[in-house]
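Grab your viewer and work through these exercises one by one. Each comes with a worked solution, so try it yourself before reading on.

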Amino acid sequence: MKKIFTISGLMFLLLVCYGNVFSQKITVTGKVTDASTGESLPSVSVVAKGTSLGTISDANGFYSISVSPSNSLTYSFIGYESQTIAVAGRTTINVSLTVQSNELQQVVVVGYGTQRKIDVTGSVTQVKGEEISKQASINPLSALQGKVAGLQIVNSGAPGASPQVTIRGTGTIFGNTTLLYIVDGVWYDDISFLNPADIESMSVLKDASSTAIYGLRVANGAIVITTKKGVRGTTTVNYNAYAGWQHVTNPVKMASASEYATLINETYNINKVTPLLFADPTSYGNGTEWYNQILHDAFTTNHEVSINGGTDKAIYNFSLGYLDQNGNVKNNNYKRYTARMTTEYEPVKNLKFGYAIGGTYSNSTDTPDGIFHQLYGAAPIVPVYYADGTYGDPSDFNIGNGNNYNPQVTLDYYNQKSQHYRFNGNVYGELKFLRHFTFRTSFGGDYAQDENRNYSPVYTATQAQRSTSSVLSINRTTNRNWIVENTLKFNNQFGSHNLTVLLGQTAQQYKYYTLSASARNVPNSSEGDLYLSLGDVGTRNVVDDGSLRTALSYFGRVNYSFKDKYLLNASLRADAGSQFYGNNLWAYLPAVGAGWVITNESFMKEQHLFNNLKLRASYGRTGNAGVPYNPTVLQVTQLPQYTAFYGTPQSPNTGASIVTIVPPSIKIERADGTDVGLEGAVLNNHLNFEFDYYNRLTKDAIFPLPILNSLGTGTSNNTSSSGIIGNQATFRNRGAEAVITYKNSTNKDFTYSISGNFAYNTNIVLSVASGNNPIYNGGNGIANGQLATRTVVGEPIGEFYGYKVTGIFQTDAQIAASKQTSAKVGDFIYNDTNNDGVIDSRDRVTLGNPNPKYNYGINTSFTYKNFDLALDFQGVAGVSIYNANIAYRYGNENYTQDFFDHRWHGAGTSNSYPSANVGSTANAVPNSFYVESGAYFRVRNVQLGYTLSNSMLTKLRVKKLRFYANAQNPLNFFKYKGFSPEVGGTPTNAGIDANVYPLYSTYNFGVNVTF
């Protein structure tokens, strides 16, 4: 018995020891890298298979995890094939992950979450932050130009200026034309505050089913932006910097002084004015080249440092940025300082809290309004300075008042400085419970303040440019917005079914306030003494304005897939906005999308052409709540002329009148959109393609109905319309898009990618409540009160409209026999469109379309060993520009060299260009001569980089060191005779060039360092 007990005890001890040995954990460390490039991969998920144990690789690809020697580790990362490796008692396991060739398995950011590309039934394009940071763009939106099909971006050359962005055409006239930008869950109208280096990804939501979940703010599209977050592991410090210069490209050559004098004399001859202004034009020589005097190469530099890291419980990312950009106009400067902090803390499993906050401060030394028109029109016979150092005075040359200015004086006595403060971000909490549920709550806000101070001193520079009293003007604008969102998500996979249900609620407030004040005779002893209180009491003036809007929303979405083969997405959002009331208070915006992954069908298993093939279709309704403020409020106006005198004795009594007609109610503009897409891959997933066809109808669009002037009324409140506005028009944007990408690697040393995108869009007004009555606009830079654009049924929004030029009058006899008997030789001959024998406004025709028909881009990247090269190309076609500069004349302004070389200056000299008398009333009316092609093709970006080898990095004790040279917009090809074919504007004023900041190219050198 004792023997049996002894043997049993020994067996028990052996079992215990055996179990202890194999239940002991070991620490496994290693590094995860890209199989093709060898670069380290951060944020790779490392999980012990069949357990809840896991970790994430740090910024340099290193990881550490405690597991049983018998476990297997699964390594997974977005965009890469997952690997499962048995530990087998090893303590070091280095892993190389292969890029996932199946594009449909990629994860993209969508509204309120992420989805695999295979599950997306709408049109969504994602651009990674690393592609954005490769370009020397001040605003991250500019970096998207040419990278997303259907995304049109019009840049401004002004330092710090935001580009104008449109997705799939213009769909509104009086509504808000901007996109909705969602940054880490907070809604914005612009993202000029955001440092491009802080961005992890940007997802462009293009169709209605993708954007409908955001409701009343996304009729024009949306871009969802995710900023960089921390990575668990060791702390990493990154420093990125570049410095370079901006150079004006494609400058407009103006006529020389002698040529200018010749042209002015020709206008005198045509108008029979004697004596001629210049006795000997050739004596003036080249004269002053005003563009060369005021424009110069401008220095720009950018620096960004970030600290990234985390532990098992928390992750963090902190960044600081500094930008210093000089403008190409002398004295113009813009500086921006940014700070951003993101932190996420997980105190216990399934519960986490976090925040993403940022601050921006910028200041600028501004340029005068109209300086480019002055440079264009300034007389070259006038010197910048006389020999005694005083300013050249146009009055000394008797050239009249039209260009009686010296641009150097305008610049020297212009003193305006602007400041911008902005603090924004959000805090959130997230709880996972009952295995399949996730509740998230967040509060976000945006506080912004803009200050603008302008001071005009007492000075005497020329006879026309002088001021006997100083004027100080101050404008301050504040925006205080907040948003609260609560969402509950259910996600479960049961068998071949995958179901995700999202429910949410949103509350928002937007508060805007502006204050403008001015005073005269404020002394300028120093910059610190410019206060309104120091001005004359009787000259002080204060005006303020503001608005307050609130919104409440409820929304839900269902995503369902069966065997990754059949896909369904359906959503509904109910929105209420304080600018609406009654039956128009709530808007219900549904969306539905379906997808079919054809290659997952059994009948496709034997084919070898398509690696992936997916068909999708969607429908959705979105809204535009950005209607004019208080358009339905009937206002009473009190003016001095309404004063009445009566009584005994008579005394003044203030009178009042109603001078506006307002609509009884306004409701949201609705956009109903459909989209059909085909996505796929061939050639062993090397060649990927995506095609889309879309149709978007903007219904209940706000449009003015013309009213009789005899009613004695003006425009509707807070609008620039010439009638009563209301929801009374329908617009349509219809088009197609294509994206084709080829990626391959010939060996480990050489990889490359070539991607092209193309978009086609047509814009048309389908119906208006008033029938064919048009609205006219586009008067910027056009003399005599003429308007150059028309919006009417059957035509695009804001089309150019005017007379068709058929030639130039060569002789007086030709004029006498024509229908324009009051014309002069060298004037335009206009077509009698209606053949009634009279040239009048009824002969005007469509001249061009400022809405681009085609947008395209080509993006390439090449990597050979430690070298990398990126080449981006971009272009626009099927678009017109109205060159108002030519006839933007009030006297003897200058002309371009092109005009001088091709002008009519005698019978037979030209039948296409008019005489120097181009600024006359008859010649300056909108006509086809001023409408030019706005098509262009450019080399958008070229960047060549070199990354030091690992052996060199070890010696330098840094983790990564890359040097690069970059050129942005180095080559531009276009026929337009102005500075730049990128001319924006509001929908009914788009494409009119009357004062465009010149296009520039940027050349810089930079460095990326990781410690």
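**Exercise 1.** Work out whether Ser980 is buried or exposed, and find its neighbours.

*Solution.* Start with accessibility: Ser980 comes out at 2% relative accessibility, so it counts as buried (buried is under 20% relative accessible area, exposed is over 50%, partly exposed is in between, with a 1.4 Å probe and protein chains only). Next, place Ser980 in the loop between strand 49 (960-974) and strand 50 (992-993) (strands are DSSP runs of E, at least two residues, numbered from the N terminus). Leaving out residues up to four places away in sequence, Ser980 touches Ile881 and Leu999 (contact means heavy atoms within 4.5 Å). Finally, check for a polar partner: a polar atom of the Ser980 side chain lies 3.1 Å from the backbone nitrogen of Glu982.

A note on the ground rules: this is a predicted model, where local features need pLDDT of at least 70 and side-chain atom pairs count only at pLDDT 80 or more, while totals for chains, interfaces and linings use all residues. Residues are numbered from 1 along each chain as its sequence is written, and side-chain values use heavy atoms, with hydrogens and water left out.

**Exercise 2.** Find which backbone oxygen the side chain of Asn332 reaches, then describe the surroundings of Asn332.

*Solution.* First, locate Asn332 in the loop between strand 19 (314-326) and strand 20 (333-348). Asn332 is buried, because its relative accessibility is 6%. Its side chain reaches the backbone oxygen of Thr365 at 2.7 Å. Now list contacts, not counting residues up to four places away in sequence: Asn332 touches Pro159, Asn326, Gly327, Thr365, Asp366, Thr367 and Tyr997. As a last step, get the C-alpha to C-alpha distance to Ala298, which is 34 residues away in sequence: 9.2 Å.

**Exercise 3.** Count the aromatic pairs in the whole structure, then classify the pair of Tyr361 and Tyr421.

*Solution.* The search of the whole structure gives 42 aromatic pairs (Phe, Tyr and Trp rings, the six-membered one for Trp, with centres within 6.5 Å; planes under 30 degrees apart are stacked, over 60 edge-to-face, the rest tilted). For Tyr361 and Tyr421, the centres are 5.1 Å apart and the planes sit at 45°, so call the pair tilted. This pair links distant parts of the chain, 60 residues apart: Tyr361 is in strand 21 (residues 351-365) and Tyr421 in strand 22 (residues 415-433). Tyr361 is partly exposed at 26% relative accessibility, and Tyr421 is partly exposed too, at 31%.

Note on methods: Helix = DSSP H or I, 4+ residues; strand = E, 2+ residues; numbered from the N terminus. Polar contact = N/O pair within 3.5 Å; in protein donor to acceptor, adjacent residues only side chain to side chain.
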